[in-house]
Amino acid sequence: DRDVAKVRDATARFKTVAAAEAAAYTRVTDCVENQPAGAMGYHFQNNALLDTTLDVEHPEVLVYEKKADGTFKLNGVEFLVPISAWMSAQPPRIMGQALKKADSLGIWYLHVWTWEPSPSGLFSDWNPNVKCGSAASTMTH
């Protein structure tokens with residue numbers, strides 16, 4: 001899929017958290033999981049991108065998994081639009097998908113598992129292959 005390739009090309013430079021942080025992505029969650037469905041991981045968000053514009057080459061959030069050795073692995077991205085900014089009756093769309101609404105978080109969102117394929121689907125919320133580890137906190141999305 002062309003869009004997935006574009007996201008991968010655009011985010012390959014964020015394989016390390018240091019690179020993401022240097023590009024104004026800051027960690028906004030601990031590891032998010034919902035077993036047995038799987039996990040999302042750690043969300044690093046670029047607040048400068050929080051608007052009504054969705055661009056496959058500029059995802060609002062990078063999603064990482066902390067590995068056993070303490071390093072972070074880039075697993076995917078998340079596209080966000082603040083509910084307060086979105087004036088249309090139709091949900092925002094990107095990559096042919098309608099974003100999902102999370103009223104409790106005040107966002108429209110869509111996960112894309114660009115680097116760690118999810119058996120649940122490319123655009124699923126949860127990836128059964130992603131683990132938070134024993135010390136993880138849980139949060140619903």
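**Exercise 1.** State which residues M95 contacts in this predicted model, leaving aside neighbours within four places in sequence.

*Solution.* Apply the contact criterion, heavy atoms within 4.5 Å. With neighbours within four places in sequence left aside, M95 is in contact with D1, D3, V4, V7, V56, F79, V112 and F123. As to conventions, residues are numbered from 1 along each chain as its sequence is written, and side-chain values use heavy atoms, without hydrogens and water. Local features need pLDDT of at least 70 and side-chain atom pairs count only at pLDDT 80 or more, while totals for chains, interfaces and linings use all residues.

**Exercise 2.** Describe the largest nonpolar core and the elements that supply it.

*Solution.* Begin with the definition: a nonpolar core is a set of buried Ala, Val, Leu, Ile, Met, Phe, Trp, Tyr and Cys residues joined through side-chain atoms within 4.5 Å. Buried denotes under 20% relative accessible area, exposed over 50%, and partly exposed the range in between (1.4 Å probe, protein chains only).

1. The largest core has 30 residues, of which L62, Y64, F79, I94 and M95 touch the most other members.
2. Two or more residues each come from helix 1 (2-11), helix 2 (17-22), strand 3 (38-45), strand 4 (61-66), strand 5 and strand 9. Helices (H or I, at least four residues) and strands (E, at least two) are DSSP runs, numbered from the N terminus.
3. Strand 5 gives the largest share, five residues.
4. A second, separate core of six residues includes V63, L80, A102 and I107.

**Exercise 3.** Examine the salt bridges formed by K73, D30 and K67.

*Solution.* The criterion is a side-chain nitrogen of Lys or Arg within 4 Å of a carboxyl oxygen of Asp or Glu; by this rule the count is five.

1. K73 pairs with E116, with the closest N and O atoms 2.7 Å apart. This pair links distant parts of the chain, K73 lying in strand 5 (residues 72-82) and E116 in the segment after strand 9 (107-112), 43 residues apart. K73 is partly exposed, at 25% relative accessibility.
2. D30 pairs with R27 at 2.5 Å between the closest N and O atoms. D30 is partly exposed at 42%, and R27 is partly exposed at 39%.
3. K67 and E65 meet at 3.9 Å, N to O. K67 is partly exposed at 35%, whereas E65 is buried at 5%.

**Exercise 4.** Characterise the surroundings of Q97.

*Solution.* Q97 is found in strand 7 (residues 97-98). Its relative accessibility is 28%, so Q97 counts as partly exposed. Not counting residues up to four places away in sequence, Q97 touches P92, L110 and F123.
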